[in-house]
Amino acid sequence: PRLTRAVSNFDVRHLVSGNWVAEAPVGRGTKLLDGASRAVNGAIGNWQLSGVVRWSSGLPFSVISGAGWGTDWDEQSSMVQTGPIQARTHIDHGVAQVFANPSQALDNLRNPYPGEAGQRNNFRGDGYLGVDTGLSKDWKLREHAGIRFTWEVFNVSNSVRFDVNPLTSLQNMTTSGEFGVYDATLTKPRVQQVSLRYLF
């Protein structure tokens, strides 16, 4: 086991998250248009903006030998890095590629020698920045009843984070004809939803 000692597959080295709720200072009881009529206040007063932001560094992954069982175990060994290799997600011939130069990456890797397990999780995919936000307003109808309008946007920047899991996405085996290619994402495209609720 000590030969394959490394960070876990789900290791996130850095993670920053935050959230906010802010009410627009417009309408009755605020600094702007405090004396607004009921109709004006119903249109522009007391809107609320909320959101969540999450930034994280990338997840780790290994490069697997297409012809190496260095420890005579049922799983193929990881490759051993012999030179500089840059992981940089980019679009190459219409597909998402994890390595800046896949050919150079292969040139700077070797199969493990007998008894070696290779280097596990010594590369990292890209990090992720995601922002979700919502805009809402309440209208009071009676003492214990009202209407709430909400407009929510998930993944505001439409950011993409590719999946480095070799079981579901990343072609991380050296003998793969698509070495270094991503097949799936961890994120969903921007989604918006609008709701109108009666509260009682």
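Visitor: Buried, exposed or partly exposed: how should Asp138 be read?

Guide: Asp138 is partly exposed, since its relative accessible area is 40% and this class lies between the limits of 20% and 50%. Please bear in mind that the model is predicted.

Visitor: Which residue forms a salt bridge with Asp138?

Guide: The general idea comes before the case. Side chains of opposite charge can pair when their charged atoms come close. Here, Asp138 pairs with Arg148, and their closest N and O atoms are 2.7 Å apart. Asp138 belongs to strand 9 and Arg148 to strand 10 (residues 145-154), so this salt bridge ties together parts that are 10 residues apart in sequence. Arg148 is also partly exposed, because its relative accessible area is 27%.

Visitor: How many salt bridges does the structure hold?

Guide: The structure holds four salt bridges.

Visitor: Which residues are linked in a network of salt bridges?

Guide: Asp11, Arg13 and Arg124 are linked in this way. The side chain of Asp11 meets that of Arg13 with an N to O distance of 3.7 Å. The side chain of Asp11 also meets that of Arg124, with 2.4 Å from N to O. Asp11 lies in the segment before strand 1 (15-23), whereas Arg124 lies in strand 8 (residues 123-124), so the pair of Asp11 and Arg124 ties together parts that are 113 residues apart in sequence. Both arginines are partly exposed: Arg13 has a relative accessible area of 48%, and Arg124 has a relative accessibility of 25%.

Visitor: I should now like to turn to the strands. In which order do the five strands of the open sheet stand?

Guide: Strands of a sheet pair through backbone hydrogen bonds, either parallel or antiparallel. In this open sheet the order is 1-2-9-10-11, and the pairing is antiparallel. Strand 1 and strand 11 (191-199) are the edge strands, each pairing on one side only. On average, neighbouring strands of the sheet are turned by 10° against each other, direction ignored.

Visitor: Over how many bridges do strand 1 and strand 2 pair?

Guide: Strand 1 and strand 2 pair over nine bridges in the antiparallel sense. As one point of reference, Ala22 stands opposite Leu49 in strand 2. Strand 2 (residues 48-56) also pairs with strand 9, again antiparallel and over nine bridges. There, Ser50 has Gly134 of strand 9 as its bridge partner.

Visitor: How many of the nine residues of strand 1 are buried?

Guide: The number is zero, so strand 1 lies largely in the open. Strand 6 (residues 95-99), by contrast, is mostly covered, with four of its five residues buried.

Visitor: In which sense does strand 6 pair with strand 5?

Guide: Strand 5 (residues 87-92) pairs with strand 6 in the antiparallel sense, over four bridges. His90 has Gln97 in strand 6 as its bridge partner. The two strands form a hairpin with two residues between them, in which His93 takes a positive phi near 55°.

Visitor: Where does Gly83 lie?

Guide: Gly83 is found in the loop between strand 4 (80-81) and strand 5. Gly83 counts as buried because its relative accessibility is 15%, and the buried class is under 20%. The C-alpha atoms of Gly83 and Gln104 are separated by 9.2 Å, while the two residues are 21 residues apart along the chain.

Visitor: Finally, how does one read the pockets? What is the volume of the largest pocket?

Guide: Rolling a probe the size of a water molecule over the atoms shows where empty space is left. The largest pocket found here has a volume of about 640 Å³. Its lining consists of 25 residues, and Ser62, Ile64, Glu75, Ser78 and Arg120 lie nearest the centre of the pocket. By class, the lining has 11 nonpolar, 11 polar and three charged residues.

Visitor: Which residues line the second largest pocket?

Guide: The second largest pocket, with a volume of about 190 Å³, is lined by Arg38, Asn41, Gly42, Asn46, Lys137, Asp138, Trp139 and Lys140. Helix 1 (38-44) and strand 9 (128-142) are the elements that give two or more residues to this lining. Strand 9 gives the most, with four residues. By class, this lining has four charged, three polar and one nonpolar residue. Asp138, with which we began, is thus met twice: in this lining and in the salt bridge with Arg148.

Key:
Residues are numbered from 1 along each chain as its sequence is written. This is a predicted model: local features need pLDDT of at least 70, side-chain atom pairs count only at pLDDT 80 or more; totals for chains, interfaces and linings use all residues. Side-chain values use heavy atoms; hydrogens and water are left out. On a 1 Å grid over the protein atoms alone, a cavity is a set of points where a 1.4 Å probe fits but cannot get out, and a pocket is an open set with protein on both sides within 12 Å along at least five of seven lines; lining residues have an atom within 4 Å of a point. Grid points are joined across faces, edges and corners, and a volume is the space filled by probe spheres set on the points. Ala, Val, Leu, Ile, Met, Phe, Trp, Tyr, Cys and Pro count as nonpolar, Asp, Glu, Lys and Arg as charged, and the others, Gly among them, as polar. Buried means under 20% relative accessible area, exposed over 50%, partly exposed in between (1.4 Å probe, protein chains only). Two strands pair if DSSP finds at least two bridges between them. Axes are lines fitted to C-alpha atoms, for helices over the stretch in contact, and angles run from 0 to 180 degrees between N-to-C directions.
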